[in-house]
Amino acid sequence: TNRYFTAMTTASVISLTAVPAVESEGAKTEVKINNTKITDTSAISLNTGINTIKVKGIAPDGKTEDTYTISLIRQTESTTSSKLAILSIAGGNFNTDFDPAITAYSIDVSSTMNPVNLSAVAESANAAVSIKLNGTNVTNPSSILLPPVVMSVITVTVTASGGGSTTYTINANSLQGSDNSN
């Protein structure tokens with residue numbers, strides 16, 4: 001079983017402590033940060049940007065596993081950054097993996113994903129993020145209702161506190177009401 005979580009912290013937080021615990025006698029845990037296995041979880045150093053923490057619980061049988069993945073975003077204090085650290089839609093995958101340098105994405109949105117739960121987090125804690133659906137401001141990015149069977153455009157604009165902006169565009173194809181909906 002895999003479970004995914006996202007968290008955010010400021011640049012002033014340089015490390016964290018993780019205390020993985022198991023429920024069953026004889027079970028064990030394995031912790032990786034940014035794909036490196038660690039044994040001391042008392043002071044995990046954090047990089048600026050995305051830190052991927054994976055905690056795997058392994059049952060006494062040695063075969064049954066549960067993995068918890070935490071994407072911890074350590075934001076910068078930059079006044080010039082107008083990039084996103086993370087951009088995702090719950091339950092779906094873009095046509096290409098998110099990269100802060102790529103500004104155009106597409107996604108098919110099934111009926112089970114609509115309303116859309118959009119996550120957009122700026123690299124800098126000082127930047128402002130605004131979201132629009134088909135040109136109209138979105139006030140609740142965790143509940144963006146797409147019209148059925150139509151292509152919608154979601155724009156995410158990141159504006160640096162010192163000026164300058166970057167706009168990310170998501171072409172979202174709503175499959176709701178079509179033969180392809182889930």
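**Pockets in the predicted model**

The lining of the second largest pocket divides by class into ten nonpolar, four polar and four charged residues. This pocket is one feature of a predicted model. Its volume is about 340 Å³. In total, 18 residues line the second largest pocket. Ala21, Val22, Gly57, Asp66 and Tyr68 lie nearest its centre. Strands S6 and S7 each contribute at least two residues to this lining.

The largest pocket has a volume of about 630 Å³. Its lining comprises 19 residues. Closest to the centre of the largest pocket are Ser71, Ile86, Leu87, Ser88 and Asn93. Four strands give two or more residues each to this lining: S1 (2–9), S6 (49–58), S7 (65–74) and S8 (84–89). S8 provides the largest share, with five residues. By class, the lining of the largest pocket holds nine nonpolar and nine polar residues, and one charged residue.

S6 and S7 recur in both descriptions. Each gives two or more residues to the lining of the largest pocket, and each supplies at least two to that of the second largest pocket.

Confidence in the model was also examined. The mean pLDDT of the protein is 90. A pLDDT of 70 or more is reached by 97% of the residues. Over residues 178–182, however, the pLDDT is below 50. In the model, this stretch has eight contacts beyond near neighbours in sequence.

Definitions and conventions. Residues are numbered from 1 along each chain as its sequence is written. This is a predicted model: local features need pLDDT of at least 70, side-chain atom pairs count only at pLDDT 80 or more; totals for chains, interfaces and linings use all residues. Side-chain values use heavy atoms; hydrogens and water are left out. pLDDT is the predictor's confidence in each residue, from 0 to 100. Contact means heavy atoms within 4.5 Å. On a 1 Å grid over the protein atoms alone, a cavity is a set of points where a 1.4 Å probe fits but cannot get out, and a pocket is an open set with protein on both sides within 12 Å along at least five of seven lines; lining residues have an atom within 4 Å of a point. Grid points are joined across faces, edges and corners, and a volume is the space filled by probe spheres set on the points. Ala, Val, Leu, Ile, Met, Phe, Trp, Tyr, Cys and Pro count as nonpolar, Asp, Glu, Lys and Arg as charged, and the others, Gly among them, as polar.
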